[in-house]
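I opened the notebook to record what I looked up in this structure. The entries follow the order in which I checked things.

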Amino acid sequence: MEVRSTTLANSGADKIVEKLKEISGGKILDVGTGYGGFIGFLKQALKSFDSFVGIDLNEEELKKAEKEYGTIANFKKMNAEKLDFPDKTFDIVSIASSLHHLEKPEKVLREIFRVVKPQGYLIIQEMYSDLTQTKAQLSTLKAHHFGAKIDTMLGEYHRETYTKEEIKKMLNILKTEELEIFDSTRYPKCLFCEDKDLCDNPMDETLIKSEIKYLRSSLEKISDYPDYEQLEKEAKKLERDLRKNGSTDASILFILARRN
Ligand SMILES: C[S@@+](CC[C@H](N)C(=O)[O-])C[C@H]1O[C@@H](n2cnc3c(N)ncnc32)[C@H](O)[C@@H]1O
């Protein structure tokens, strides 16, 4: 099984940004925008843009987004399963790191494709869970899956990440002839990061500590649950794996689907 390098220079992330640099963004909708991070990335990576709208169900996240990106984007609380926009409204609709947070991902994909203009793009960025990744990536992925388990216990929809094949299969419903799929071991946003060399070293203490902090804050959310002790043991084991293997985010698929 081939395990690919996770250094930024060898990741494949540059190919994604090269492609985005050729695209004039126009009117852009970001679905499941959270704190708006993907809008920040697109703003830097696209050749140009006219306007951004970000939608999400989570009001707390939308407040953070408004604070961070309110000068370039409008944010609205909206369910991605039923978008309050006419057909063919946007030049680009994006959805990042959200498919595995959606109860009905295929319904959402159909709905968001509806609001893309002809010749416009749907952009999907999603991490995947195939085992063709470094030990540092797999340890980080397991920590993420632990967080998903806790969110699920708390009633939030958050499943484990999909495999590449599962993500590609979802795209069949789009019926588009033009589909470009990039497979990168690092997020393209890393190319714009001031500390971009830091994550080339999975054993860097800052990265490991940050992932352990995520594990502990997940655990804290269920401190009064009967299963707490069992889950604490599980979290300790994941912490040991992170200390031994290091931490690197899982690889991603970056998909550009053009509407006919
Ligand atoms: C991991 S966050 C992604 C944040 C952001 N896109 C990013 O890349 O940083 C997933 C987001 O999907 C949102 N979400 C889940 N189901 C949704 C739905 N049906 N409609 C709109 N947003 C939804 C969640 O509230 C959450 O903020």
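Before listing neighbours, I fixed the term: two residues are in contact when heavy atoms of theirs lie within 4.5 Å. I also noted that the model is predicted.

**Entry: Ile 55**

I found Ile 55 in strand β2, which covers residues 51–56. Is Ile 55 buried or exposed? I read a relative accessible area of 1% for Ile 55. The cut-off for buried is under 20%, so Ile 55 counts as buried.

I then listed the contacts of Ile 55, leaving aside neighbours within four places in sequence. One run of them is Leu 29, Asp 30, Val 31, Gly 32 and Thr 33. The others are Leu 62, Lys 76, Met 78, Ala 80, Leu 83 and Phe 85. I also checked Ile 55 against Glu 165: they are 110 residues apart in sequence, and their C-alpha atoms are 27 Å apart in space.

**Entry: overall form**

I counted nine helices and seven strands in the protein. For 260 residues, a compact globule would have a radius of gyration near 18 Å, and I found 18 Å for this protein, so the two agree. The C-alpha atoms fill a box of roughly 50 × 40 × 35 Å along the principal axes.

I noted that 50% of the 260 residues count as buried. The accessible surface is about 13,400 Å², and carbon and sulfur atoms hold 48% of it. Taking contacts between residues at least 6 apart in sequence, I found that 77% join residues at least 24 apart.

**Entry: nonpolar cores**

In soluble globular proteins, nonpolar side chains tend to be buried together. I looked for such groups here.

Which residues touch the most other members of the largest nonpolar core? I wrote down Leu 20, Phe 41, Leu 42, Ile 123 and Phe 254, out of 32 residues in that core. The elements that each supply at least two residues of this core are α2, α3, α4, β3, β4, β5 and β7. The largest share, five residues, comes from α3.

I followed Ile 123 further, again leaving aside neighbours within four places in sequence. Ile 123 is in contact with Leu 20, Phe 38 and Leu 42, with Ile 92, Val 93, Ser 94 and Ile 95, and with Phe 254, Ile 255 and Leu 256. Apart from this core lies another, of 31 residues, including Met 78, Phe 85, Ile 112 and Val 116.

**Entry: rings**

I found five aromatic pairs in the structure. One of them is Phe 38 with Phe 254, a tilted pair with 6.4 Å between centres and 40° between planes. Phe 38 is in helix α3 and Phe 254 in strand β7, 216 residues apart, and the pair thus links distant parts of the chain. Both Phe 38 and Phe 254 are buried. Ring pairs link these two with Phe 41 and Phe 192 into a cluster.

I also looked for charges over rings. Arg 159 lies over the face of Tyr 162, at 3.7 Å from the ring centre. The charged end of Lys 189 sits over the ring of Tyr 187, 5.3 Å from its centre.

**Entry: Thr 185**

Where is Thr 185? I placed Thr 185 in the loop between β6 and α8. Its relative accessible area is 2%, so Thr 185 is buried. Leaving aside neighbours within four places in sequence, I listed its contacts as Arg 4, Ser 5, Thr 6, Ser 11, Gln 137, Asp 249, Ala 250 and Ser 251.

Conventions: Residues are numbered from 1 along each chain as its sequence is written. This is a predicted model: local features need pLDDT of at least 70, side-chain atom pairs count only at pLDDT 80 or more; totals for chains, interfaces and linings use all residues. Side-chain values use heavy atoms; hydrogens and water are left out. A nonpolar core is a set of buried Ala, Val, Leu, Ile, Met, Phe, Trp, Tyr and Cys residues joined through side-chain atoms within 4.5 Å. Buried means under 20% relative accessible area, exposed over 50%, partly exposed in between (1.4 Å probe, protein chains only). Helices (H or I, at least four residues) and strands (E, at least two) are DSSP runs, numbered from the N terminus. Rings of Phe, Tyr and Trp (its six-membered ring) pair if their centres lie within 6.5 Å; planes under 30 degrees apart count as stacked, over 60 as edge-to-face and the rest as tilted. A charge sits over a ring if NZ of Lys or CZ of Arg is within 6 Å of the ring centre and within 35 degrees of the ring normal. The radius of gyration is taken over C-alpha atoms; the globule rule is 2.2 Å times the number of residues to the power 0.38. Accessible areas come from the Shrake-Rupley method with a 1.4 Å probe; for residues, only the protein chains shown count as cover.
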